[in-house]
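Subject: Structure for you to look at, with notes

Dear colleague,

Here is the structure I said I would pass on, and my notes on it follow below. Please read them with the model open beside you.

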Amino acid sequence: MSGGGGGGGGYDGAGGGPDQPDCASLRFSTTLASPHLEVIASLEVDDALVVRLEAEADVSIIAVRTATGALTGTIVSNQARQLRECLQRGQSYEAVIVSIEGAAVEVEIGAAA
């Protein structure tokens with residue numbers, strides 16, 4: 001008979017609990033995997049990129065593309081599973097470039113406005 005109702009486990013109820021993440025508040029930084037150097041050369045810090053779920057060779061990937069559709073790279077971070085689930089549920093995301101150092105492009109992933 002311990003007291004207190006406890007917290008919500010980090011969720012405000014909008015996401016439905018740990019099995020269904022709060023997609024609107026999912027936000028994280030990561031470095032793009034498989035960067036396309038010819039596309040990166042035309043990008044700058046603070047550019048906004050589109051995050052999409054795509055099929056490639058019978059595998060689902062999380063692609064990051066420019067507004068014109070050029071593939072910049074992919075996302076394979078620890079949060080990729082959550083991001084994939086949210087994309088499948090219809091949440092849109094953007095990747096804003098935080099830094100570019102050679103082929104290393106760091107982006108901040110967040111829900112698109």
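Aspartate 46 is where I would like to begin: at 61% relative accessibility it counts as exposed, it is found in the loop between H1 and S2, and it has a positive phi of about 80° although it is not a glycine. Please keep in mind throughout that this is a predicted model, and that what follows was computed from its atoms.

Two further residues belong with aspartate 46 on the subject of backbone angles. Serine 34, in the loop between S1 and H1, also has a positive phi, near 50°, and is likewise not a glycine; its relative accessibility of 51% places serine 34 among the exposed residues, because the cut-off for that class is over 50%. Glycine 90, which follows H2, has a positive phi as well, near 100°. As background, most residues other than glycine have a negative phi.

Overall architecture

The protein is built from 2 helices and 6 strands, and along the sequence these elements follow the pattern β-α-β-β-β-α-β-β. Of its 113 residues, 35% are buried, while the exposed surface comes to about 6,700 Å², with carbon and sulfur atoms supplying 48% of that area. Among contacts in the protein with a separation of 6 or more, 57% are between residues 24 or more positions apart.

The disulfide

How many disulfides does a search of the whole structure find? The search finds 1, and it joins cysteine 23 to cysteine 86 with an S to S distance of 2.1 Å. The two cysteines come from distant parts of the chain, 63 residues apart, with cysteine 23 in the segment before strand S1 (28–31) and cysteine 86 in helix H2 (residues 80–88). The link between cysteine 23 and cysteine 86 is left-handed, with -80° about the S-S bond. Both ends are buried, since cysteine 23 has a relative accessibility of 8% and cysteine 86 has a relative accessible area of 0%.

Helix H2 and the nonpolar core

Cysteine 86 also belongs to the set of buried residues in H2, together with Ala80, Leu83 and Leu87. These residues lie on the same side of H2, because they cover an arc of only 125° around its axis. The cover over the buried residues of H2 includes S1, S2, strand S3 (59–65), strand S5 (93–101) and strand S6 (104–111), whereas the face turned away from that buried side carries the exposed residues Arg81 and Gln88.

The largest nonpolar core has 22 residues, of which Val51, Ile75, Leu83, Tyr93 and Ile109 touch the most other members. H1, S2, S3, H2, S5 and S6 each supply at least two residues of this core, and H2 gives the most to it, with 4 residues. If you would like a single residue from which to explore this region, isoleucine 109 is one option: leaving out residues up to four places away in sequence, isoleucine 109 touches Leu26, Arg27, Phe28, Thr30, Val51, Ile75, Leu83, Tyr93, Glu94 and Ala95.

Two more buried positions

Is leucine 43 buried or exposed? With a relative accessible area of 12%, leucine 43 is buried, since the cut-off for that class is under 20%, and this residue lies in the loop between helix H1 (37–40) and strand S2 (48–56). Not counting residues up to four places away in sequence, leucine 43 touches Leu49, Thr66, Thr72, Ile97 and Ile100. With isoleucine 100 in particular, the separation is 57 residues in sequence and 8.5 Å in space, taken from C-alpha to C-alpha.

Threonine 74, found in strand S4 (residues 71–74), counts as buried at 13% relative accessibility. Leaving aside its neighbours within four places in sequence, threonine 74 is in contact with Leu32, Ala33, Ser34, Ile61, Ile62 and Ala63. Ser34 in that list is the residue noted above for its positive phi, near 50°.

With best wishes

How values were computed. Residues are numbered from 1 along each chain as its sequence is written. This is a predicted model: local features need pLDDT of at least 70, side-chain atom pairs count only at pLDDT 80 or more; totals for chains, interfaces and linings use all residues. Side-chain values use heavy atoms; hydrogens and water are left out. A disulfide is a pair of cysteine sulfur atoms within 2.5 Å. Buried means under 20% relative accessible area, exposed over 50%, partly exposed in between (1.4 Å probe, protein chains only). Contact means heavy atoms within 4.5 Å. Accessible areas come from the Shrake-Rupley method with a 1.4 Å probe; for residues, only the protein chains shown count as cover. The arc is that of the directions from the helix axis to the C-beta atoms. A nonpolar core is a set of buried Ala, Val, Leu, Ile, Met, Phe, Trp, Tyr and Cys residues joined through side-chain atoms within 4.5 Å.
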